[in-house]
Amino acid sequence: MAIFDGFSDQEVDTIKNTGTHVTLPADWSPIWEKTGADKAYIIVSGEASVRRGGDEIATLGPGDIFGEGAIVNHKLRNASIVTTTKVEVIHFTREQVNQLRDDIPAFAEALDRTAQERLGQ
(Lines give C-alpha, C1' and ligand atoms only; values in the text may rest on other atoms or scores of the structure.)
Protein backbone atom coordinates (compact mmCIF):
# COMPACT_ATOMS: atom_id res chain seq x y z
CA MET A 1 0.00 0.00 0.00
CA ALA A 2 1.38 3.40 -0.91
CA ILE A 3 1.67 5.57 2.17
CA PHE A 4 0.03 8.50 0.35
CA ASP A 5 -3.18 6.64 -0.54
CA GLY A 6 -6.21 8.43 0.88
CA PHE A 7 -4.49 11.73 1.64
CA SER A 8 -5.49 15.08 0.19
CA ASP A 9 -3.08 16.77 -2.22
CA GLN A 10 -2.33 19.34 0.49
CA GLU A 11 -1.48 16.61 3.02
CA VAL A 12 0.79 14.84 0.50
CA ASP A 13 2.57 18.13 -0.21
CA THR A 14 3.02 18.77 3.51
CA ILE A 15 4.50 15.30 4.04
CA LYS A 16 6.80 15.54 1.01
CA ASN A 17 7.98 19.03 1.97
CA THR A 18 8.64 18.14 5.61
CA GLY A 19 11.35 15.61 4.85
CA THR A 20 14.64 15.86 2.98
CA HIS A 21 14.91 14.31 -0.48
CA VAL A 22 17.96 12.03 -0.68
CA THR A 23 19.38 9.58 -3.24
CA LEU A 24 20.91 6.38 -1.85
CA PRO A 25 23.16 4.06 -3.87
CA ALA A 26 22.45 0.36 -4.37
CA ASP A 27 23.69 -1.93 -1.58
CA TRP A 28 23.35 0.80 1.05
CA SER A 29 21.81 0.15 4.48
CA PRO A 30 20.15 3.24 5.96
CA ILE A 31 18.43 1.25 8.75
CA TRP A 32 20.02 -1.46 10.90
CA GLU A 33 18.35 -4.13 12.97
CA LYS A 34 18.46 -3.65 16.78
CA THR A 35 19.32 0.07 16.61
CA GLY A 36 17.40 3.06 17.95
CA ALA A 37 14.53 4.77 16.15
CA ASP A 38 15.95 8.05 14.90
CA LYS A 39 14.69 8.25 11.29
CA ALA A 40 12.19 7.00 8.73
CA TYR A 41 12.04 7.07 4.94
CA ILE A 42 9.44 7.02 2.18
CA ILE A 43 10.64 5.49 -1.10
CA VAL A 44 10.03 7.71 -4.13
CA SER A 45 11.74 5.41 -6.65
CA GLY A 46 13.82 2.23 -6.56
CA GLU A 47 13.64 -0.88 -4.40
CA ALA A 48 14.94 -2.10 -1.05
CA SER A 49 15.14 -5.38 0.81
CA VAL A 50 13.88 -5.86 4.37
CA ARG A 51 16.15 -8.28 6.21
CA ARG A 52 15.88 -9.86 9.62
CA GLY A 53 18.86 -11.86 10.85
CA GLY A 54 20.31 -11.52 7.35
CA ASP A 55 17.31 -13.19 5.65
CA GLU A 56 15.09 -11.22 3.29
CA ILE A 57 11.54 -11.07 4.63
CA ALA A 58 10.05 -8.45 2.28
CA THR A 59 10.80 -6.03 -0.53
CA LEU A 60 9.82 -2.37 -0.66
CA GLY A 61 9.22 -0.01 -3.55
CA PRO A 62 7.79 3.41 -4.42
CA GLY A 63 5.26 4.65 -1.88
CA ASP A 64 6.49 2.35 0.89
CA ILE A 65 7.68 3.74 4.22
CA PHE A 66 10.31 2.16 6.42
CA GLY A 67 11.77 2.97 9.81
CA GLU A 68 8.42 4.12 11.17
CA GLY A 69 7.66 1.01 13.22
CA ALA A 70 10.38 1.57 15.79
CA ILE A 71 9.32 5.22 16.15
CA VAL A 72 5.62 4.39 16.51
CA ASN A 73 6.21 1.46 18.89
CA HIS A 74 9.09 3.06 20.84
CA LYS A 75 11.27 -0.01 20.31
CA LEU A 76 14.56 -0.96 18.69
CA ARG A 77 14.40 -1.70 14.97
CA ASN A 78 13.32 -5.25 14.17
CA ALA A 79 14.89 -5.42 10.69
CA SER A 80 17.57 -3.92 8.46
CA ILE A 81 16.89 -2.23 5.14
CA VAL A 82 19.30 -2.66 2.23
CA THR A 83 18.78 -0.88 -1.08
CA THR A 84 18.80 -3.26 -4.05
CA THR A 85 18.83 -0.45 -6.63
CA LYS A 86 19.58 3.25 -6.54
CA VAL A 87 16.78 4.62 -4.37
CA GLU A 88 15.29 8.09 -4.08
CA VAL A 89 13.74 8.62 -0.66
CA ILE A 90 12.29 11.28 1.56
CA HIS A 91 14.20 11.21 4.87
CA PHE A 92 12.42 12.14 8.11
CA THR A 93 13.85 12.60 11.58
CA ARG A 94 11.94 11.12 14.51
CA GLU A 95 10.85 14.67 15.40
CA GLN A 96 9.49 15.28 11.88
CA VAL A 97 7.56 11.98 11.96
CA ASN A 98 6.03 12.88 15.31
CA GLN A 99 5.16 16.40 14.11
CA LEU A 100 3.44 14.98 11.00
CA ARG A 101 1.55 12.52 13.22
CA ASP A 102 0.29 15.47 15.29
CA ASP A 103 -0.54 17.68 12.28
CA ILE A 104 -2.12 15.06 9.97
CA PRO A 105 -4.30 12.51 11.79
CA ALA A 106 -4.58 10.35 8.65
CA PHE A 107 -0.76 10.10 8.55
CA ALA A 108 -0.74 8.92 12.17
CA GLU A 109 -3.40 6.31 11.34
CA ALA A 110 -1.48 5.11 8.27
CA LEU A 111 1.75 4.77 10.27
CA ASP A 112 0.01 2.94 13.11
CA ARG A 113 -1.66 0.56 10.66
CA THR A 114 1.59 -0.12 8.77
CA ALA A 115 3.55 -0.64 11.99
CA GLN A 116 0.92 -3.08 13.31
CA GLU A 117 0.87 -5.05 10.05
CA ARG A 118 4.65 -5.37 10.12
CA LEU A 119 4.73 -6.61 13.71
CA GLY A 120 3.27 -9.86 12.37
CA GLN A 121 6.21 -10.46 10.03
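Modeller: Two strands pair if DSSP finds at least two bridges between them. With that settled, please note that this is a predicted model.

Biologist: Understood. Which residue stands opposite Ser45 in E7?

Modeller: Opposite Ser45 in E7 stands Glu88.

Biologist: And in which sense do strand E2 and E7 pair, and over how many bridges?

Modeller: The pairing of strand E2 (residues 39-45) with E7 is antiparallel and extends over six bridges.

Biologist: What about strand E1 and strand E7: how many bridges there?

Modeller: Five bridges, again in the antiparallel sense, link strand E1 (residues 20-24) with strand E7 (residues 87-93). Within E7, Glu88 is the bridge partner of Thr23.

Biologist: Turning to the open sheet of three strands, what is its order?

Modeller: The order is E4-E3-E6, with antiparallel pairing. Strand E4 (55-60) and strand E6 (80-83) are the edge strands, each pairing on one side only. From one strand to the next, the twist averages 30 degrees.

Biologist: How many bridges join strand E3 to E4?

Modeller: Strand E3 (residues 48-52) is joined to E4 by five bridges, and the two run antiparallel. One bridge partner in E4 is Ala58, which is matched with Val50.

Biologist: A change of topic: where is Glu117 placed, and is Glu117 buried or exposed?

Modeller: Glu117 lies in helix H4 (residues 105-119). Glu117 counts as exposed because its relative accessible area is 55%, and the cut-off for exposed is over 50%.

Biologist: What separates the C-alpha atoms of Glu117 and Ile43?

Modeller: A separation of 18 Å lies between those C-alpha atoms, and Glu117 and Ile43 are 74 residues apart along the chain.

Key:
Residues numbered from 1 in each chain as written. Predicted model: local features only at pLDDT ≥ 70, side-chain atom pairs only at ≥ 80, totals over all residues. Heavy atoms only, no water. Helix = DSSP H or I, 4+ residues; strand = E, 2+ residues; numbered from the N terminus. Buried < 20%, exposed > 50% of the residue type's maximum accessible area, 1.4 Å probe, protein only. Axes fitted to C-alpha atoms, helices over the stretch in contact; angles between N-to-C directions.
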